[in-house]
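Here's a quick briefing for anyone meeting this structure for the first time. Have a look at the sequence and the 3D view, then read on.

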Amino acid sequence: MHWGMQRGAGLRVRASSEVAVVSAVVLVRMGFLPAPCRVVYVIDEPDVRGFAYGTLPGHPESGEERFAVRRDPTTSAVFAEVSAFSRPATWWSKAGGPIVSVAQRIIANRYLRAV
């Protein structure tokens, strides 16, 4: 909830709030690429914590990403979950096609390893 998954994945994070709260704006950067987002919901359940953010103008994609950590109360096993849906929002992300998809999978794996 403190942008640790993003930072642990090697991204630079600048946010309007130290923790993920609804309406917080976060600027995530990988290298020179800015990716502005806004938190659209927070999950605060007994065995699931997380949040989702949606892209803002200036992001190369248009969509949402959800980050959660879930604990199985029966086994106490802990699972990290990342899910996303998006479509290109810029001419260069449209032109990048398959390369952009591969980059998204790589960063999702980096999120999970960070946890």
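Let's start with Arg49, which is partly exposed at 38% relative accessibility. Its side chain meets that of Asp44 in a salt bridge, at 2.9 Å from N to O. Keep in mind that this is a predicted model.

**Arg49 and its partner**

- Asp44, the other half of the pair, counts as exposed, because its relative accessibility of 57% is over the 50% cut-off.
- Arg49, at 38%, falls between the 20% and 50% cut-offs, so it goes down as partly exposed.
- As general background, side chains of opposite charge can pair when their charged atoms come close.

**A network around Glu81**

- How many salt bridges does the count come to? The tally is four.
- Three residues, Arg66, Arg70 and Glu81, are joined up in a network of salt bridges.
- One link in that network runs between Glu81 and Arg66, whose closest N and O atoms are 3.3 Å apart. Glu81 sits in strand β6 and Arg66 in strand β5, so this pair connects distant parts of the chain, 15 residues apart.
- Another link pairs Arg70 with Glu81, and here the closest N and O atoms are 2.7 Å apart. Arg70 belongs to strand β5 and Glu81 to strand β6, so the pair ties together parts that are 11 residues apart in sequence.

**How open the network residues are**

- Buried or exposed, or something in between: which is Glu81? Glu81 is partly exposed, with a relative accessible area of 22%.
- Arg66 also counts as partly exposed, at 23% relative accessibility.
- Arg70 is partly exposed too, with a relative accessible area of 31%.

**The bent helix α2**

- Helix α2 covers residues 91-114, and at Gly97 it bends by about 90°.
- A proline, Pro98, follows within four residues of that bend.
- Which residues of α2 are buried? They include Ser93, Gly96, Val100, Ile107 and Tyr111.
- The cover over the buried residues of α2 includes helix α1 (4-8) and strand β2 (25-30), along with β4 (48-55).
- Strands β5 (61-71) and β6 (78-88) are also part of that cover. These two strands turned up above as well, with Arg70 in β5 and Glu81 in β6.

Note on methods:
Residues are numbered from 1 along each chain as its sequence is written. This is a predicted model: local features need pLDDT of at least 70, side-chain atom pairs count only at pLDDT 80 or more; totals for chains, interfaces and linings use all residues. Side-chain values use heavy atoms; hydrogens and water are left out. The bend at a residue is the angle between axes fitted to the seven residues ending there and the seven starting there. Buried means under 20% relative accessible area, exposed over 50%, partly exposed in between (1.4 Å probe, protein chains only). Contact means heavy atoms within 4.5 Å.
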